[in-house]
Amino acid sequence: MKYSFYLLLLTPILFPSCLAKKNLVTTNPYENRTQMSGIVKDITIEDARQNVVTRNIKIPRGTFPGMKDEIAQTLSETTLQIIKGEINKQFNTKTDREYLINLKLNKGIIGFKANAFNEMEYTDVEIEITAIDQNNKEIKCSSKVSLEIKSLDASPEYLFILFNRTITNAIHKCFGELN
């Protein structure tokens with residue numbers, strides 16, 4: 001009986017946090033509905049970040065105010081496939097114009113910090129995209145996107161999903177500037 005009372009008190013706090021986390025990784029305010037005419041011949045991804053690490057972010061089970069960790073994690077194979085897939089979505093095949101695409105990742109961090117009332121998970125991405133057609137005509141764009149969410153259940157798994165969403169949003173924002 002005593003525990004159900006506490007669970008009842010925590011439900012309004014925990015449930016909105018879960019909904020906000022799901023909503024953040026399923027929406028893209030920069031979704032580009034127009035596409036460039038042409039096809040992607042090749043995509044290169046240049047990781048220009050400093051201090052890239054292979055370790056996972058450290059989020060302890062029990063957190064205290066002041067705890068934090070921020071890393072630039074090595075790009076996973078999943079993230080590389082998401083980048084290539086999102087770039088390909090920005091093109092249609094209505095013409096035979098071919099593009100070589102270079103995505104330069106200048107900043108890409110995931111972070112966690114705890115305060116007295118909650119935990120904050122955040123990502124920050126800066127990219128530059130260069131598209132070169134078969135006539136060596138160059139088109140460039142750049143974008144910066146940050147996402148953050150306050151929660152009571154921070155996890156490396158969610159930060160991985162949030163990072164991939166941040167990169168997706170940055171790609172859409174960049175191509176949206178071109179059209």
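Mentor: Let's start with a rule: rings of Phe, Tyr and Trp (its six-membered ring) pair if their centres lie within 6.5 Å, and planes under 30 degrees apart count as stacked, over 60 as edge-to-face and the rest as tilted. The model is predicted, so local features need pLDDT of at least 70 and side-chain atom pairs pLDDT 80 or more, while totals for chains, interfaces and linings use all residues. Residues are numbered from 1 along each chain as its sequence is written, and side-chain values use heavy atoms, without hydrogens or water.

Trainee: Thanks! Which residues do ring pairs link into a cluster?

Mentor: By the ring rule, the count comes to two aromatic pairs. In one of them, the rings of Phe91 and Tyr99 have centres 5.3 Å apart and planes at 45°, so this pair is tilted. Phe91 also pairs with Phe175, with 5.7 Å from centre to centre and 80° between the planes, an edge-to-face arrangement. Together, these ring pairs make a cluster of Phe91, Tyr99 and Phe175.

Trainee: How many residues apart in sequence are the parts that Phe91 and Phe175 tie together?

Mentor: Helices (H or I, at least four residues) and strands (E, at least two) are DSSP runs, numbered from the N terminus. Phe91 lies in strand β5 (residues 91-92), whereas Phe175 belongs to helix α3, so in sequence this pair spans 84 residues.

Trainee: Is Phe175 buried or exposed?

Mentor: Buried means under 20% relative accessible area, exposed over 50%, and partly exposed in between (1.4 Å probe, protein chains only). Its ring partner Phe91 has a relative accessible area of 7%. For Phe175 the relative accessible area is 0%, so Phe175 is buried.

Trainee: What is the order of helices and strands along the chain?

Mentor: Start with the totals: the chain holds three helices and eight strands. Reading along the sequence gives the pattern α-β-β-β-β-α-β-β-β-β-α.

Trainee: Which cysteines form the disulfide?

Mentor: A disulfide is a pair of cysteine sulfur atoms within 2.5 Å, and a search of the whole structure finds one. The link is right-handed, with 110° about the S-S bond. It connects distant parts of the chain, from strand β8 (residues 138-151) to helix α3 (residues 156-178), at a separation of 33 residues. The sulfur atoms, 1.9 Å apart, belong to Cys141 and Cys174.

Trainee: What is the relative accessible area of Cys174?

Mentor: Take its partner first: Cys141 is buried, with a value of 8%. Cys174 is buried too, and its relative accessible area is 0%.

Trainee: What percentage of contacts between residues at least 6 apart join residues at least 24 apart?

Mentor: Contact means heavy atoms within 4.5 Å. As an example, leaving aside neighbours within four places in sequence, Ile171 is in contact with residues including Ile83, Ile87, Leu103, Ile127 and Ile129. Across the chain, among contacts between residues at least 6 apart in sequence, the share that joins residues at least 24 apart is 76%.

Trainee: Which residue in the loop between β7 and β8 has a positive phi?

Mentor: Most residues other than glycine have a negative phi, and most peptide bonds are trans. Asn51, in the loop between β2 and β3 (52-53), has a positive phi of about 55°, and Asn51 is exposed at 69% relative accessibility. Your loop holds a residue that is exposed, with a relative accessible area of 65%. With a phi near 60°, the residue in the loop between β7 and β8 is Asn136.
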